[in-house]
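User: Could you take a close look at one part of this model for me? I would like a connected account of one salt bridge and the helices around it.

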Amino acid sequence: MKHSGCPVNKGRHFSCEDCDGNVSGGFDASASQIVLCQNNIRNQAHMSRVVTHELIHAFDHCRAHVHWFSDVRHLACSEIRAASLSGDCSLLNEIFRLRFGLRRHHQICVRDRAALSIVAVRNISREEAQKAVDDVFESCFNDREPFGRIPHTKMYARYAHRDFQNRDRYYSNI
């Protein structure tokens, strides 16, 4: 975040609260703050996914100046990116949800999770949310910043971190 011009202060930008329902976290754009629902986070792996998901929203908020409340396609794009890059659609998570397949399953899961997230935060139908997701899916799904790749496993996450650290080296001699 800092390298993208968005410094993060843990005390200012993160809040742990009890939440209603079974929401695990959220990004409050008006306060530029990530809310973690301490009563609904089950374990360390779950918290890591929630923090990563919400940090993607924070990154998009800083980098892309998302119009969260006036353009549902902006929200859809950030939800697509967060579902894809956070581990929400990992094979293990999908097995726990009893939903998995072999052919293009990651993309199917990302579409479904993004539409569900939109419906959860907006007063619109599932069909409207799905249309917004479909409208922006290709470009947003292929935007893997700041990772450069989908960190499916810890090994891929290490590769992504290595690639991020070395990103300027490739162009320094040009």
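Analyst: Asp134 and Arg111 form a salt bridge, with their closest N and O atoms 2.7 Å apart (a salt bridge being a side-chain nitrogen of Lys or Arg within 4 Å of a carboxyl oxygen of Asp or Glu). Asp134 sits in helix α6 (residues 126-141) and Arg111 in helix α5 (residues 105-121), so the pair ties together parts that are 23 residues apart in sequence. Helices here are DSSP runs of H or I with at least four residues, strands are runs of E with at least two, and both are numbered from the N terminus.

A word on the source: this is a predicted model, in which local features need pLDDT of at least 70 and side-chain atom pairs count only at pLDDT 80 or more, while totals for chains, interfaces and linings use all residues. Residues are numbered from 1 along each chain as its sequence is written, and side-chain values use heavy atoms, leaving out hydrogens and water.

Back to our pair. Asp134 is partly exposed, with a relative accessible area of 41%, and Arg111 is also partly exposed, at 24%. For reference, buried means under 20% relative accessible area, exposed means over 50%, and partly exposed lies in between, using a 1.4 Å probe and protein chains only.

Next along α6 comes another salt bridge: Asp135 pairs with Lys131, the closest N and O atoms being 3.1 Å apart. Both residues belong to α6 and are four residues apart, about one turn of the helix. Asp135 is partly exposed at 44%, whereas Lys131 is exposed at 52%.

Now turn to Val133, also worth a look. Leaving aside residues up to four places away in sequence, Val133 touches Ala76, Ile80, Arg111, Ala114, Ala115 and Ile118, where contact means heavy atoms within 4.5 Å. Arg111, the salt-bridge partner of Asp134, is thus among the contacts of Val133 as well. Val133 is also one of the three residues, with Ile80 and Val110, that touch the most other members of the 31-residue largest nonpolar core. Such a core is a set of buried Ala, Val, Leu, Ile, Met, Phe, Trp, Tyr and Cys residues joined through side-chain atoms within 4.5 Å. Two or more residues each come from β3 (33-37), α2, α3 (72-85), α5 and α6, and α6 gives the largest share, seven residues.

How does α3 meet α6? The two helices pack at an angle of about 50 degrees, with their axes 8 Å apart. Axes are lines fitted to C-alpha atoms, for helices over the stretch in contact, and angles run from 0 to 180 degrees between N-to-C directions. That makes α3 oblique to α6, given that angles under 35 degrees count as roughly parallel, over 145 as roughly antiparallel, 65 to 115 as roughly perpendicular and the rest as oblique. From α3, the residues that meet α6 include Ala76, Ile80 and Arg81, while those on the α6 side include Val133, Asp135, Phe137 and Phe141.

Phe137 and Phe141 also lead us back to α5: Gln107 touches both, not counting residues up to four places away in sequence. Gln107 lies in helix α5 and is buried, with a relative accessible area of 18%.
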